[in-house]
Amino acid sequence: MIRGLLAQRRFAPFFWTQALGAFNDNLFKNVLLLLLTFVAVPRYGWDTGLLNNLAAGLFILPFFLFSAWGGTLADHLDKQRLVRRLKLLELVTMIAAAVAVWFELFGLLLALLFMMGTQSALFGPVKYAILPQHLAATELVKGNAWVNLGTFVSILLGTLLAGVLTSLDGSLERAAIAGSLVLIAIIGVAASLKIPPAPPSVSGRVAWRPLSGTWQVMRDGLAEKRVRPALIGISFFWFLGACYLTQLPAWVRDVVHGSEGAVSFLLGAFAVGVGLGALLCSRLSAGRLELGLVPIGALVIGVSGIELASQTDFSGETLALPELLALTEFWRMSTLLGLVGLGGGLYSVPLYTLMQLASREERRARMIAANNILNALFMILSAVFGIVMLSVLGLSLTVLFACLGWLSLLVGVALLMRNPRSALRLLIFVLVQVLYRLRCRGRQHIPATGPALVVCNHVSFMDALVLGGACPRPLRFMMDRPIYENPWIHWFFRIAGAIPVDSDRRDPGGVRRALEEVSRALRNGEVVMVFPEGRLTPDGEVHTFRRGLDLMLARDPVPVVPAALSGLWGSWTSNKDGKALTKRPRRLRARVLLVFGEAIPAGQSPRRILERRVRGLKRAADQSLSKHPGGPI
């Protein structure tokens, strides 16, 4: 559970370190913008638009200059020590900022904003590169979900606290701002001291080449075929997020006709939505990299964004937040913006996990640096997009928001069409969770990459769905051709990647063709699931494995993972008390246990050994269910 991670030293200190850093970043940025707008501009007559754009540029520029160097540092140094040094840099910067706030040195504050951007650019690569060293592969989705939640909540709290502190009077305001910046930095340094060691992945000198290094990291990142989709996908998320959050104040002014409090409330709805989406992603993924959530998240963003754009203007007079909270339309708008954020959480967490898992260990931090650079480019592109839509073309905010919604919807549809199997697998998992109280053990024994064969006892017609939904990787599976060719569900089995097989009696050469398809799948690095008994069990026990299993392994020696199902015997899809599917269902939400055993290395798994392993796992699973007839397994 996520709460379990927060109680462990290998994750909790880093979580609080990065969350406090994000909190201080946004507190400092928003305090600076408010001080410039309401103090410096009236006092010195400076141009507000110029100052705001200058501040944004000073914070983003370090991501182009230093992200590549930060990635190289994270690959070459112990990440624990690097994080501590960066937190000390933050503390020094915040002490200087406290002095600048007290004496109202606005030029120094702008320079320190560049320093904070530098610290963030250097911290970004280590932020996601350290997680795979401290968390198991099955915990990465949970860890990333929690990091995303902490980041967005910190952004929200930092923004809100900035408004509260700058509303104070005179010296009290300056003292509160200065004290808060330094105190949060000190707590962050203290949290970083508890982070466990994270040894470097490569050795050698670290050269500082800001411009050429940035270009090289970008080129390397986009050249990695497995990493490239994650980089582009995450950057698209930041493009959307920057568009929504940048235009939100104008939306509140022109559509909602609300005050500054309404901006904070809607920003909070978006941040909470992202956090809930991240947690929901963790729940639905169940420890797996679930790329099927990416198109679903994009579709949620698209549908919610289009509906948000269709909201009509409120009353023409400016309304305070308490007045808006009495309006059903405002709550509807807040819910829609929260759903946009929720879709963003579902969309982004699997992509961050893919980026971590698909990156080679010795280059992981540089791949994350490439992601940060690309994110900054897409955020600048979002500003250009807003200028073109609103200023050059003279379109309304409603049209801009509608374009964002339709763009997200098209991306979601395109992703579904490109890889429907991932989304289908997710739906299978949800269906299985609805039908059964399924518990799994030993999923870590499925190899993270490369080919593998999963062999399991065959209890019911639901076995393939249960295994396919619970396995941490997509499964191909063999099934009878007559069922595969059923016109009502043929489309489902085709998308799911089922391999039809027929007896030689009905189709001479059918078995040979099926074995060839299994061989192609294994040689492509896929995981294939087989039921070596060749039929549903007539009595609930494991029966003799057929020799076809030996033929498969002789043709393609791959690791074999034995598995066993318990709890499905007696369901209407099993052969107990009559032929499967011919009886009335008598129970719902049955307790089912799926156990994966340790993988047997390639070439060491004759079917007799595998049969004994599966029988042993089946006995252990049956005993576990019988010992806990009503409680958790």
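This section describes the overall dimensions of a predicted model and then the surroundings of selected residues.

The chain comprises 23 helices and seven strands. Its radius of gyration is 28 Å, which agrees with the value near 26 Å that a compact globule of 633 residues would have. The C-alpha trace extends over about 90 × 60 × 45 Å along its principal axes. Of the 633 residues, 54% are buried. Among contacts with a separation of 6 or more, 81% are between residues 24 or more positions apart. The exposed area of the chain is about 27600 Å², of which carbon and sulfur atoms supply 63%. The chain carries 65 positive and 39 negative charges, and the mean positions of the two sets lie 9 Å apart.

One group of residues is centred here on Thr-537, which is located in the loop between β5 (527–530) and α22 (548–555). Thr-537 has a relative accessibility of 2% and therefore counts as buried, the limit being under 20%. Its side chain takes part in a polar contact of 3.1 Å with the side chain of Asp-539. A polar atom of the Thr-537 side chain also lies 2.7 Å from the backbone oxygen of Glu-541. Beyond the neighbours within four places in sequence, the contacts of Thr-537 are with His-458, Val-459, His-543, Trp-569 and Asn-575.

Two of these partners were examined further. His-458 belongs to the loop between β2 (452–456) and α18 (463–470). With a relative accessible area of 13%, His-458 is likewise buried. The side chains of His-458 and Asp-463 form a polar contact of 2.9 Å. Asp-463 also appears among the contacts of His-458 outside its neighbours within four places in sequence, together with Phe-531, Glu-533, Arg-535, Leu-536 and Thr-537.

Trp-569, the other partner considered, is situated in the loop between β6 and β7, where β6 covers residues 560–566 and β7 covers residues 590–596. Trp-569 is partly exposed, its relative accessible area being 25%, whereas Thr-537 is buried at 2%. The two residues are 32 positions apart along the chain, and their C-alpha atoms are separated by 9.0 Å. Not counting residues up to four places away in sequence, Trp-569 touches Thr-537, Pro-538, Asp-539 and Gly-540, and further Val-459, Ser-574, Asn-575, Lys-576 and Arg-587. Val-459 and Asn-575 are also in contact with Thr-537, and Asp-539 is the residue whose side chain makes the 3.1 Å polar contact with that of Thr-537.

The loop between β6 and β7 also holds Asp-577. Its phi is near 60 degrees, a positive value in a residue other than glycine. Asp-577 has a relative accessible area of 56% and is exposed, since the limit for that class is over 50%. A positive phi is also found at Glu-104, near 55 degrees and again in a residue other than glycine. Most residues other than glycine have a negative phi. Glu-104 lies in the loop between α4 (79–103) and α5 (106–129). Its relative accessible area of 27% places Glu-104 in the partly exposed class.

Ser-605 occupies the loop between β7 (590–596) and α23 (607–627). The residue is buried, with a relative accessible area of 6%. Apart from residues up to four places away in sequence, Ser-605 touches Leu-553, Val-560, Ile-600 and Leu-610. Of these, Leu-553 falls within α22 (548–555), Val-560 within β6 (560–566) and Leu-610 within α23 (607–627). The C-alpha atom of Ser-605 is separated by 57 Å from that of Ala-402, a residue 203 positions away along the chain.

Asp-254 was considered as a helical position and is part of α10 (residues 228–256). With a relative accessible area of 36%, Asp-254 is partly exposed. Its contacts, leaving aside neighbours within four places in sequence, are with Asp-313 and Leu-397. Asp-254 and Thr-72 are 182 residues apart in sequence, and the distance between their C-alpha atoms is 46 Å.

Technical notes:
Residues numbered from 1 in each chain as written. Predicted model: local features only at pLDDT ≥ 70, side-chain atom pairs only at ≥ 80, totals over all residues. Heavy atoms only, no water. Helix = DSSP H or I, 4+ residues; strand = E, 2+ residues; numbered from the N terminus. Rg over C-alpha atoms; globule rule 2.2 N^0.38 Å. Buried < 20%, exposed > 50% of the residue type's maximum accessible area, 1.4 Å probe, protein only. Contact = heavy atoms within 4.5 Å. Areas by Shrake-Rupley, 256 points an atom, 1.4 Å probe, with all protein chains shown as cover. Lys, Arg positive; Asp, Glu negative; His and termini not counted. Charge placed at Lys NZ, Arg CZ, Asp CG, Glu CD. Polar contact = N/O pair within 3.5 Å; in protein donor to acceptor, adjacent residues only side chain to side chain.
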